[in-house]
Amino acid sequence: MVRSTTIFRVHDGLPLAASVDDESTEKALTEYKQQSKLIFRRLNANSEPACSIESGQYTLHYLIVDRVIYMCICDSSYPRKLAFSYLDELSKEFQRSYEGKIEGVTRPYAFMGFDTFISKTTRLYRDSRSLTQGAGPAASASSSNQPPNQLDQLNENLKDVTRIMTKNMEDLLWRGDSLDRMSHLSTSLRSESAKYRKAARNINLQALIRKWAPVGGIGFFVILFIWYRFF
């Protein structure tokens, strides 16, 4: 399930809104929240727009939309497609509610009133089994305060997350791994470039063989004839 949620501004890491977590949750997630702050200080315009970061029994998921980071900490067993659908729901409502005000705020948690929507959406996404199976009784009961058509739209909102990067928290914090999208793309481009160079060499070699094979064949038969005729 979704354990905690925080919304940050990208360029300075300013927290804009967050879920109100109970004391036990706050205590259990203290270390993970500290880790998330270290991670978000590294994010910029070139960072991956969506990523899952594994850390022990929890996974941190984030989504960047219009220079705002939407982050949630979930149980490691919670489906990624639901986590990103949840973040997508938050991003749409947050932009609708505060568009034009986000860049101007200077104090932390300037939009704490958004916690009401966070709480309602968290309840909707609480039971992953009923959500992945459709609008079951448990999901319907937990979403009594939601718009009637929201569960009908849920499957449409579930994103294909197979292409979303997955990282390990330890690699990011201690081994210098990067969340830079350009670094990820350059690695992919280098790999593709190597494949194309190899394919190009093979094509050139095949063209060379086709060009000179007849000449070589004629030369071989001439040499064979001379050898047979005079030796």
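Reader: Which residues of α1 are buried?
Author: This is a predicted model, where local features need pLDDT of at least 70, side-chain atom pairs count only at pLDDT 80 or more, and totals for chains, interfaces and linings use all residues. Residues are numbered from 1 along each chain as its sequence is written, and side-chain values use heavy atoms, without hydrogens or water. Helices (DSSP runs of H or I, at least four residues) and strands (E, at least two) are numbered from the N terminus. In α1, the buried residues (under 20% relative accessible area, 1.4 Å probe, protein chains only) are Thr 25, Leu 29, Tyr 32, Lys 33, Gln 35, Ser 36, Ile 39 and Phe 40.

Reader: Where is the kink in α1 centred?
Author: The bend at a residue is the angle between axes fitted to the seven residues ending there and the seven starting there. In α1 the kink is about 55°. Its centre is Leu 29.

Reader: How far does α1 reach from its first C-alpha to its last?
Author: α1 has 18 residues. At 1.5 Å a residue, times one less than the number of residues, 26 Å is expected. The reach in the model is close to that, at 24 Å.

Reader: What is the volume of the largest cavity?
Author: On a 1 Å grid over the protein atoms alone, a cavity is a set of points where a 1.4 Å probe fits but cannot get out. A volume is the space filled by probe spheres on points joined across faces, edges and corners. The whole structure has 1 cavity of 30 Å³ or more. The largest cavity has about 40 Å³.

Reader: Which element gives the most to the lining of the largest cavity?
Author: Lining residues have an atom within 4 Å of a point. Here they are Tyr 32, Ile 53, Ser 55, Tyr 58, Thr 59, Leu 60, Ile 73 and Met 169. Two elements give two or more of them, β3 (50-55) and β4 (58-65). With 3 residues, the top contributor is β4.

Reader: Which residues are closest to the centre of the largest pocket?
Author: A pocket is an open set with protein on both sides within 12 Å along at least five of seven lines. The largest has a volume of about 260 Å³. Of its 16 lining residues, the closest to the centre are Val 2, Arg 3, Asp 21, Thr 122 and Arg 126.

Reader: Which element gives the most to the lining of the largest pocket?
Author: β1 (2-9) and α3 (115-124) each supply at least two residues. One gives 5 residues, the most. That is α3.

Reader: Which residues lie nearest the centre of the second largest pocket?
Author: This pocket holds about 160 Å³ of space. β1 and α1 (23-40) each give two or more residues to its lining. Of the 13 lining residues, those nearest its centre are Thr 6, Glu 26, Lys 33, Lys 37 and Tyr 109.

Conventions:
Buried means under 20% relative accessible area, exposed over 50%, partly exposed in between (1.4 Å probe, protein chains only).
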